[in-house]
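Welcome, and please open your viewer with the cartoon representation switched on. We will walk through the chain one selection at a time.

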Amino acid sequence: MKKKQQMGLIVAAVVFVVAGVISVLTNALSSKITSKEDNAAKNLSSIMDQLYGSDDLALADMPTTGDYIAVVPIEGIIQASDESGGLQASVGGYNHKMLMNYVDRLIDSGNNKGIILRLDTPGGAVYQADELYLKLMEYKEETGRPIWAYMESQCCSGGVYLASSADEQYANRNTTTGSIGVIISSYDLSGLYEKLGVKEANIVSAKNKDMGSYGKPMTAEQKAIYQSVVDEAYEQFVGIVAKGRNMSVDEVKKLADGRIYTANQALDNGLIDGIKTEDEFDDYVREVSGVNNFYQPKNSGGYLSQIFGEARSLKEKSEAQVLVELMDRLGSGVPMYYAEPFGK
């Protein structure tokens, strides 16, 4: 072999070895940097969760060993979760996104042996109530595990809808329940607008596009349209209660005129299975399930959310703010399984 060829092979071999070493070092360094970046990102994410809150934070202590009964709290108005996050996220109360996530995790948890629904709610939006109901029914179908419902101070309308997913329903003797029905609320402020010299002007593609507008009286046709939506949601509601209580639709309709019931009245009408104190109910579940450990998620709000949430609750609201919030909640044109608290 010629000398030049030998030198070429040697150079090629050296280049190959050097390139290999550089590649190994580069990969190692890149992996180390990426690992540090990942750790930094995880640490930052953890800090943000602590400050602002998250579902993962709320469910971080779910049991991974030992049997347990999961408590699913249904508190406040059943509605969409505040997706804005940060300081605007609600503290306490109903958290739809977290509850859906929670039930999904319970389906996959082999240590979970059942669910207790603790209900203290006036009801809420049809969409969210039905979505969580279907998720609870999926839990029962996938796992074969029982669900118990316990009604606390108030379990009305959408609360009854969710309680219908349970195998057994109990109430405190002071519970207010019932209000089986559907409502769509709006406001006709056209008279006020006229006094103020304000006239609403909408450019619409068809005559019913601005139905429900505050500035114009609702026509008979528009009322009929809304009524058809209410009627359909009502039939769905009655069917859900009938299935949950092993009653006929006609039997439920006799009770479902929107009225509320005391615990004794609900028991007499077959809407619940019994009346118990909270301690009596918990003891009963432990006895029939053979499981002593109950688990309930922590508050999903972080430190800043809790601090600012408390500050907001302490701030006195003006009459205008109260009116705007009421209109936002009840005047949105959205069908609701909702019972307005008396005097509010």
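Start by selecting β5 and strand β8 (residues 274-275): these two pair in the parallel sense over two bridges. Strands here are DSSP runs of E with at least two residues, helices are runs of H or I with at least four residues, and both are numbered from the N terminus. Two strands count as paired if DSSP finds at least two bridges between them. Show Tyr-170 as sticks, and you will find it opposite Gly-274 in β8.

A word on what you are looking at: this is a predicted model, in which local features need pLDDT of at least 70 and side-chain atom pairs count only at pLDDT 80 or more, while totals for chains, interfaces and linings use all residues. Residues are numbered from 1 along each chain as its sequence is written, and side-chain values use heavy atoms, with hydrogens and water left out.

**Next stop: the other partner of β5**

Now add strand β4 (residues 147-156), which runs parallel to strand β5 (residues 168-171) and is joined to it by four bridges. Here Ala-149 stands opposite Gln-169 in β5. To get from β4 to β5 the chain passes through helix α5 (residues 158-163), and this β-α-β crossover is right-handed. In other words, with the strands pointing away from the viewer, the path from the first strand over the helix to the second runs clockwise.

**A pair of helices**

Select helix α3 (residues 96-108) together with helix α4 (residues 126-143). Their axes come within 9 Å and cross at roughly 5 degrees. The axes are lines fitted to C-alpha atoms, for helices over the stretch in contact, with angles from 0 to 180 degrees between N-to-C directions. α3 and α4 are therefore roughly parallel to each other; angles under 35 degrees count as roughly parallel, over 145 as roughly antiparallel, 65 to 115 as roughly perpendicular and the rest as oblique.

Turn on side chains to see who makes the contact (heavy atoms within 4.5 Å). From α3 the residues include Leu-99, Met-100 and Val-103, and from α4 they include Leu-132, Lys-135 and Tyr-139. The residues of this contact divide into eight nonpolar, three polar and five charged. Nonpolar covers Ala, Val, Leu, Ile, Met, Phe, Trp, Tyr, Cys and Pro; charged covers Asp, Glu, Lys and Arg; the others, Gly among them, are polar.

**Single residues to click on**

Go to Glu-75, in strand β1 (residues 68-75). Glu-75 is partly exposed, with a relative accessible area of 35%. The cut-offs are under 20% relative accessible area for buried, over 50% for exposed and partly exposed in between (1.4 Å probe, protein chains only). Which residues does Glu-75 contact, leaving aside its neighbours within four places in sequence? They are Gly-93, Tyr-94 and Asp-120. Gly-93 is 18 residues away in sequence, yet 5.1 Å away in space, C-alpha to C-alpha.

Now try two residues that have a positive phi although neither is a glycine: Ser-179, at about 55 degrees, and Asn-246, also at about 55 degrees. Ser-179 sits in the loop between β6 (176-178) and α6, and is buried at 7% relative accessible area. Asn-246 lies in the loop between α7 (220-245) and α8 (249-255), and counts as exposed at 74% relative accessibility.

**Zoom out**

Finally, display the whole chain, with its 12 helices and 10 strands. Buried residues make up 37% of its 344 residues.
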